[in-house]
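Here is a set of short exercises to work through with the model open beside you. Try each task before reading its solution.

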Amino acid sequence: MNVHQMRPSPISPTFDLAARGVNHGFLKLPYSRDDSAWGSVMIPITVVRNGEGPTALLTGGNHGDEYEGPVALFDLARSLTAEDVTGTVIIVPAMNYPAFLAGTRTSPIDRGNMNRSFPGAPDGTVTQKIADYFQRHLLPMADIVLDFHSGGRTLDFLPYCAAHRLADKEQERKSFELVEAFGAPYSMAMLEIDAVGMYDTAAEDMGKVFVTTELGGGGSSTARTAGIARRGVRNVLARAGILKGETGASTTAWLDMPDDDCFSFAEDGGLIEFVKDLGDDLRKGETIALVYPVGRTGVAPSEIRARMDGVLAARHFPGLVKPGDCVSVLAVRR
Ligand code: CA
């Protein structure tokens, strides 16, 4: 650890995070700006602590335009009682709070993408300061970590809970056990396009049992996906022994992202027409989408084709596409 990282965090909780019972408050981050010279970013946090048991760290709003996590976690934070809990539940419904308030993936303050900002820096941008606080204060307290994601404004997903394949097979086994317990319609062994700077990687490198989700997208939530999130978080806490009660037998369908062939990217910009929907099965070489050039009429569309056999697990959401956009993700049914 270098001298830089040893600086204390400028973030202070407004209550003692080690206190027993149910406590609601804020992670207070000083942020001097035009409309508030000595102002702060106030990130809502709830800690429910009772008896001896494991600690779960639950986060939503890592990306500010993904809503199933915040819906489930604002609800959980107001409804959990101390008697419900054996151990500790730390709830941060909107991790990148400035991005969440703006309804954007990244922070309007510094354009910081929380999930590319780890390990963060105590003397960095606002987003880096939040990442650093999670890296050095909240993650070390946790035994299990659940970080909710969805597709945001630009992607849409089959609803799944996920974990990564890990070098430590015992850590991997525990992570996939929690994925199964979450009980989403789908469960994924997930591959990342680029894992550098991710919260996932930070948690996994610390040896934590880390699970995440992709529960829909398009910049909103639905009754179905919000319900999956609400039930899933309680199932995970029950499996960890923190909440009383049993998780029902999971009927989740397991999916794998075996290698980079699962991703397809646009090489041309234009108007996109998907000819397959989420959940549809494709053969290698089959057309997933057509991209119409929109500069003139009379030009044939280019085709985005499946690079492997699989089920359509994620797709570009907006009706227009740019070169380089991720158009689709295929996964293999187990
Ligand atoms: Ca996300």
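**Exercise 1. The surroundings of phenylalanine 118**

Leaving aside neighbours within four places in sequence, find which residues are in contact with phenylalanine 118, and then describe its setting.

Solution. Keep in mind throughout that this is a predicted model.

Step 1. Once the neighbours within four places in sequence are set aside, phenylalanine 118 is in contact with Met95, Ala131, Phe134, Gln135, Gly197, Met198, Tyr199 and Ala202.

Step 2. Take one of these partners, alanine 202: the C-alpha atoms of phenylalanine 118 and alanine 202 are separated by 6.7 Å, although the two residues are 84 residues apart along the chain.

Step 3. Now place the residue. Phenylalanine 118 is in the loop between helix 2 and helix 3. Its relative accessible area is 9%, and buried means under 20%, so phenylalanine 118 is buried.

Step 4. Look at the backbone. Phenylalanine 118 and proline 119 are joined by a cis peptide bond, with omega of about 5°.

Step 5. Stay in the loop between helix 2 and helix 3 and go to arginine 111. Arginine 111 has a positive phi, near 60°, and is a residue other than glycine. With a relative accessible area of 52%, arginine 111 is exposed.

**Exercise 2. The calcium site**

Which atoms coordinate the calcium ion, and what spacing do the donors follow along the chain?

Solution. Step 1. The coordinating atoms are ND1 of His63, OE of Glu66 (listed twice) and ND1 of His149, at 2.3 to 2.7 Å.

Step 2. Along the chain, these donors of the calcium ion follow the spacing H-x2-E-x82-H.

Step 3. Check the accessibility of two of the donor residues: histidine 63 and glutamate 66 are both buried.

**Exercise 3. Two helices, checked by length and packing**

Compare the expected span of helix 1 with the distance between its end C-alpha atoms, do likewise for helix 6, and then find what packs on each.

Solution. Step 1. Helix 1 covers residues 68-79, and at 1.5 Å a residue its 12 residues should span 16 Å. The end C-alpha atoms of helix 1 are 17 Å apart, which agrees.

Step 2. The 17 residues of helix 6 should span 24 Å, and its end C-alpha atoms are 24 Å apart, which agrees.

Step 3. List the buried residues. In helix 1 they are Glu68, Gly69, Pro70, Ala72, Leu73, Asp75, Leu76 and Ala77. In helix 6 they include Ile228, Val233, Val236 and Leu237.

Step 4. Find the cover. The elements covering the buried residues of helix 1 include strand 2, strand 3, strand 4, strand 5, helix 2 and helix 6. The buried residues of helix 6 pack against strand 4, helix 1, strand 5, strand 6 and helix 4.

Step 5. Finish just after helix 6, where glycine 241 takes a positive phi of about 85°.

**Exercise 4. Salt bridges along the chain**

How many salt bridges does a search of the whole structure find, and where do the partners of arginine 165, glutamate 172 and aspartate 309 lie?

Solution. Step 1. The search finds 18 salt bridges.

Step 2. Arginine 165 pairs with aspartate 256, with the closest N and O atoms 2.6 Å apart. Arginine 165 is in the loop between strand 8 and helix 4 while aspartate 256 is in strand 11, so this pair ties together parts 91 residues apart in sequence. Arginine 165 is partly exposed at 48% relative accessible area, whereas aspartate 256, at 13%, counts as buried.

Step 3. Glutamate 172 pairs with lysine 169, the closest N and O atoms being 2.9 Å apart. Because these two are three residues apart in helix 4, about one helical turn separates them.

Step 4. Aspartate 309 pairs with arginine 283, and here the closest N and O atoms are 2.8 Å apart. This pair links distant parts of the chain, 26 residues apart: aspartate 309 is in the loop between strand 16 and strand 17, and arginine 283 is in the loop between strand 14 and strand 15.

Step 5. To end, look for shared partners: salt bridges join Asp75, Arg78 and Arg230 into one network.

Note on methods:
Residues numbered from 1 in each chain as written. Predicted model: local features only at pLDDT ≥ 70, side-chain atom pairs only at ≥ 80, totals over all residues. Heavy atoms only, no water. Donors = N, O, S within 2.8 Å, 3.2 Å for Na, K, Ca; no water. Buried < 20%, exposed > 50% of the residue type's maximum accessible area, 1.4 Å probe, protein only. Helix = DSSP H or I, 4+ residues; strand = E, 2+ residues; numbered from the N terminus. Expected span 1.5 Å × (residues − 1). Contact = heavy atoms within 4.5 Å. Salt bridge = Lys/Arg side-chain N within 4 Å of Asp/Glu carboxyl O.
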